[in-house]
Amino acid sequence: MSPADDLPLVVLGAGYAGLTVAQEVDRRARGSLPTVLVDRHPVHVLRTELYEVGRLAGGSDVSAWAVPLSKVLERSSVSYRQGTVESIDLDSRSVRLDTGTVPYGQPAIGLGSVAAFYHVPGAEEFTEQVYRLTRARQLA
Ligand SMILES: Cc1cc2nc3c(=O)[nH]c(=O)nc-3n(C[C@H](O)[C@H](O)[C@H](O)COP(=O)(O)OP(=O)(O)OC[C@H]3O[C@@H](n4cnc5c(N)ncnc54)[C@H](O)[C@@H]3O)c2cc1C
């Protein structure tokens, strides 16, 4: 057993990828592997459904698109840690957040992606990138 065996699986990002990894590992390990899910926001945003926010008058009730992580994780052994990931120190096996440091045994990185435009003329200037509820509400 190495020292890292005592440390948690630390999953960075509570989007579709990170949340699935954390929940699936927890399910398969039956809660025996300490798992920490890190995200800067305390909610899981249903990104693929954000275009529907436009159907709301004024985009007021957005609760259907942002589920509190405390609720999503309430039946699991996964714990949530709020913070923005600033760096990962491979030597000390730790993640630096703006709210502190989290040591990991194994890391999983699911911090998302941004659109690529592949030099398509006009694509960057004339398209909207919707990653969060705030932007979806502005377009509603
Ligand atoms: C309108 C729309 C429709 C889509 N439809 C489809 C579809 O039909 N089919 C399909 O396959 N894909 C679709 N996609 C793409 C899909 O949403 C993405 O592929 C998917 O969300 C990627 O998941 P992810 O977990 O990698 O990243 P994300 O869902 O972006 O999650 C990343 C998480 O990391 C967190 N994070 C990022 N940086 C930091 C940091 N530094 N510190 C702490 N936390 C951080 C974010 O808060 C976020 O919670 C759609 C996207 C949109 C916007």
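This is a short walk through the structure, one selection at a time. Keep in mind that you're looking at a predicted model.

**Stop 1: the whole chain**

Show everything as a cartoon. You should find 4 helices and 9 strands. Starting at the N terminus, the elements go β-α-β-β-β-α-β-β-β-β-β-α-α. Along the principal axes, the C-alpha atoms fill a box of roughly 55 × 35 × 25 Å. Of the 140 residues in the chain, 21% are buried. How far apart in sequence are the residues that touch? Take the contacts between residues at least 6 apart: 64% of these join residues at least 24 apart.

**Stop 2: the four-stranded sheet**

Now select β5, β2, β1 and β9. In that order they make an open sheet of 4 strands with parallel pairing. Which strands sit at the edges? They are β5 and β9 (106-109), each pairing on one side only. Ignoring direction, neighbouring strands here are turned by 25 degrees against each other on average.

Zoom in on strand β2, residues 35-39. Is this strand mostly covered or mostly open? It's mostly covered, with 4 of its 5 residues buried.

Next, add strand β1 (residues 9-12), which pairs with β2 in the parallel sense over 4 bridges. Trace the chain from β1 through α1 to β2 and you've followed a β-α-β crossover, a right-handed one. Two residue pairs are good to click on here. Valine 10 stands opposite valine 36 in β2, while leucine 12 has valine 38 as its bridge partner. As you look along the strands, remember that in a regular strand the side chains alternate between the two faces of the sheet.

Then bring in strand β5 (residues 79-82), which is joined to β2 by 4 bridges, again in the parallel sense. Pick leucine 37 and you'll see tyrosine 80 of β5 opposite.

**Stop 3: glutamine 82**

Stay in strand β5 and select glutamine 82. Why does this residue count as partly exposed? Glutamine 82 has 15 other C-beta atoms within 10 Å, and a residue needs 20 or more to be called buried.

Try a distance too: the C-alpha atoms of glutamine 82 and aspartate 39 are separated by 5.4 Å, although these two residues are 43 residues apart along the chain. Leave out the neighbours within four places in sequence, and glutamine 82 is in contact with Asp39, Pro42 and Thr99.

**Stop 4: the three-stranded sheet**

Select β6, β7 and β8. These 3 strands form an open sheet in the order β6-β7-β8, and this time the pairing is antiparallel. The edges are β6 (85-89) and β8 (100-103), each pairing on one side only. From one strand to the next, the twist averages 20 degrees.

For a closer look, highlight strand β7 (residues 94-97), which is joined to β8 by 4 bridges. Click valine 95, and opposite it in β8 you'll find valine 102.

**Stop 5: around the ligand**

Last, centre the view on the ligand. There are 20 residues around it, and the nearest are Gly13, Gly15, Ala17, Arg47 and Gly112. Which helix gives the most to this shell? That's helix α1 (residues 16-28), with 3 residues. You met α1 earlier, on the path from β1 to β2. Colour the shell by class to finish: it has 8 nonpolar, 9 polar and 3 charged residues.

How values were computed
Residues are numbered from 1 along each chain as its sequence is written. This is a predicted model: local features need pLDDT of at least 70, side-chain atom pairs count only at pLDDT 80 or more; totals for chains, interfaces and linings use all residues. A residue is near a molecule or strand if its C-beta atom, placed from the backbone, lies within 6 Å of it. Helices (H or I, at least four residues) and strands (E, at least two) are DSSP runs, numbered from the N terminus. Ala, Val, Leu, Ile, Met, Phe, Trp, Tyr, Cys and Pro count as nonpolar, Asp, Glu, Lys and Arg as charged, and the others, Gly among them, as polar. A residue is buried if 20 or more other C-beta atoms lie within 10 Å of its own, exposed if 12 or fewer, and partly exposed in between; C-beta atoms are placed from the backbone. Two residues are in contact if their C-beta atoms, placed from the backbone, lie within 7 Å. Two strands pair if DSSP finds at least two bridges between them. Axes are lines fitted to C-alpha atoms, for helices over the stretch in contact, and angles run from 0 to 180 degrees between N-to-C directions. A crossover is right-handed if, with the strands pointing away from the viewer, the path from the first strand over the helix to the second runs clockwise.
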